[in-house]
Amino acid sequence: MPAHKRILLKLSGEALMGDDAFGINRATIVRIVREIQEVTQLGVEVAVVIGGGNIFRGVAGGSVGMDRATADYMGMLATVMNALALADTMRQEGMTARVMSAIGIEQVVEPYVRPKALQYLEEGKVVIFGAGTGNPFFTTDTAAALRGAEIGAEIVLKATKVDGVYTADPKKDPSATRYSRLSFDEAITKNLQVLDATAFALCRDQKLPIRVFSIFKPGALKAVVMGHDEGTLVHV
Ligand SMILES: Nc1ncnc2c1ncn2[C@@H]1O[C@H](COP(=O)(O)OP(=O)(O)OP(=O)(O)O)[C@@H](O)[C@H]1O
Ligand SMILES: O=c1ccn([C@@H]2O[C@H](COP(=O)(O)O)[C@@H](O)[C@H]2O)c(=O)[nH]1
């Protein structure tokens, strides 16, 4: 029996690159989609927020000198591209997915309408939220917290490049150690940057737990959904 009925899965954009330098690696996206499919076959309702780091990051080198809000809108559009790629891969794998965008681009994808998203989830369709929160100066982690709270997800699952929350960024500090669980207050006070503080604060206020785990570990998503102690749990 799965431990959760409805989940909000936050997928790292950079995870889609696989071993490539940028963009979307075909084998990688197919593998990720099959892992999501396994979870839907357990009867779990799945909503996804996808990042854009593999295509564009508003605060990155490529946007130096740009107006921050403009760069952020580019970042949000990058997440829509990832959402379209993910939905199309799901279609090819026999799943039904709907992309909803937080910014109006109706010729491409339908706008985010909460009751419609809830209807799709109840029908067993995967809902992919593109364009983050629709606002510059935010991130897709915050979008995951926001949409997770809005749709009544039981947990936010952050599938990322590291296998949990560490005492420091493990990519920069090899002596960092992994927490198996920690509180939101601890994560915020210690400025642990695996998620941004806005996302942590929103989840804390809504009592919405977050589990951080590695998207590169085969079977990890299913293990998390089954309630196994995978990665790190951040809780109230
Ligand atoms: N204390 C920490 N514990 C774990 N990871 C951390 C920590 N501090 C910083 N990080 C970094 O946070 C990164 C994950 O978050 P990041 O926001 O960069 O990616 P993402 O949101 O998953 O994906 P993307 O922005 O590419 O779509 C990890 O790759 C890790 O190096
Ligand atoms: O609500 C949001 C979400 C995202 N952005 C911009 O998009 C990029 C990519 O998102 P990641 O969360 O880093 O994957 C982000 O750097 C922002 O520039 C945004 O403005 N608002």
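User: Taking helices (H or I, at least four residues) and strands (E, at least two) as DSSP runs numbered from the N terminus, which helix gives the largest share of the shell around ligand 2?

Analyst: Helix 2, residues 68-92, contributes three residues to that shell, which is the largest share. Please keep in mind that this is a predicted model, in which local features need pLDDT of at least 70 and side-chain atom pairs count only at pLDDT 80 or more, while totals for chains, interfaces and linings use all residues. Residues are numbered from 1 along each chain as its sequence is written, chains are lettered from A and ligands numbered from 1 in the order written, and side-chain values use heavy atoms, without hydrogens and water.

User: Ok, and which residues come nearest to ligand 2?

Analyst: The ligand has 17 residues around it (a heavy atom within 4 Å), and R57, D72, T133, N135 and T140 come nearest.

User: What are the polar distances for T133, N135 and T140?

Analyst: Counting pairs of N or O atoms within 3.5 Å, a polar side-chain atom of T140 is 2.5 Å from an oxygen atom of ligand 2, and the side chain of T133 places an N or O atom 2.7 Å from an oxygen atom of ligand 2. N135 uses its backbone instead, with an N or O atom 2.7 Å from a nitrogen atom of the ligand. On its own ligand 2 has 440 Å² of accessible area (Shrake-Rupley, 1.4 Å probe), of which the protein covers 94%.

User: Switching to ligand 1, how many residues surround it?

Analyst: There are 23, with G13, R57, T160, Y166 and D169 the closest. One oxygen contact of ligand 1 is with a polar side-chain atom of D169 at 2.8 Å, while an N or O atom in the side chain of S12 lies 3.1 Å from a ligand oxygen, and a polar backbone atom of E14 is also 3.1 Å from an oxygen of ligand 1. Taken alone, ligand 1 exposes 640 Å², and 88% of that is buried by the protein.

User: Which pocket do ligand 1 and ligand 2 take up?

Analyst: Ligand 1 takes up space in the largest pocket, and the space taken by ligand 2 is likewise the largest pocket. A pocket here is an open set of points on a 1 Å grid over the protein atoms alone where a 1.4 Å probe fits, with protein on both sides within 12 Å along at least five of seven lines, and lining residues have an atom within 4 Å of a point; a molecule sits there if more than half of its atoms lie within 2 Å of the grid points.

User: What does UniProt list as "binding site" around T133?

Analyst: The unreviewed entry, whose annotations may be inferred rather than shown by experiment, covers G52, D72, T133, G134, N135, P136, F137, F138, T139 and T140. They span 89 residues in sequence, yet no two of their C-alpha atoms are more than 14.3 Å apart, so they gather at one spot. From this set, the lining of the largest pocket takes in G52, D72, T133, N135, F137, F138, T139 and T140. G134 itself is in the loop between strand 5 (126-130) and helix 4 (140-150).

User: And the "binding site" with K10, is it gathered or spread out?

Analyst: That feature, also from the unreviewed entry, is placed at K10, L11, S12, G13, G53, R57, T160, Y166 and D169. With 160 residues spanned in sequence and the farthest two C-alpha atoms 23.1 Å apart, they do not all gather at one spot. The lining of the largest pocket includes K10, S12, G13, G53, R57, T160, Y166 and D169 from these. L11 belongs to strand 1, residues 6-11.

Key
Polar contact = N/O pair within 3.5 Å; in protein donor to acceptor, adjacent residues only side chain to side chain.
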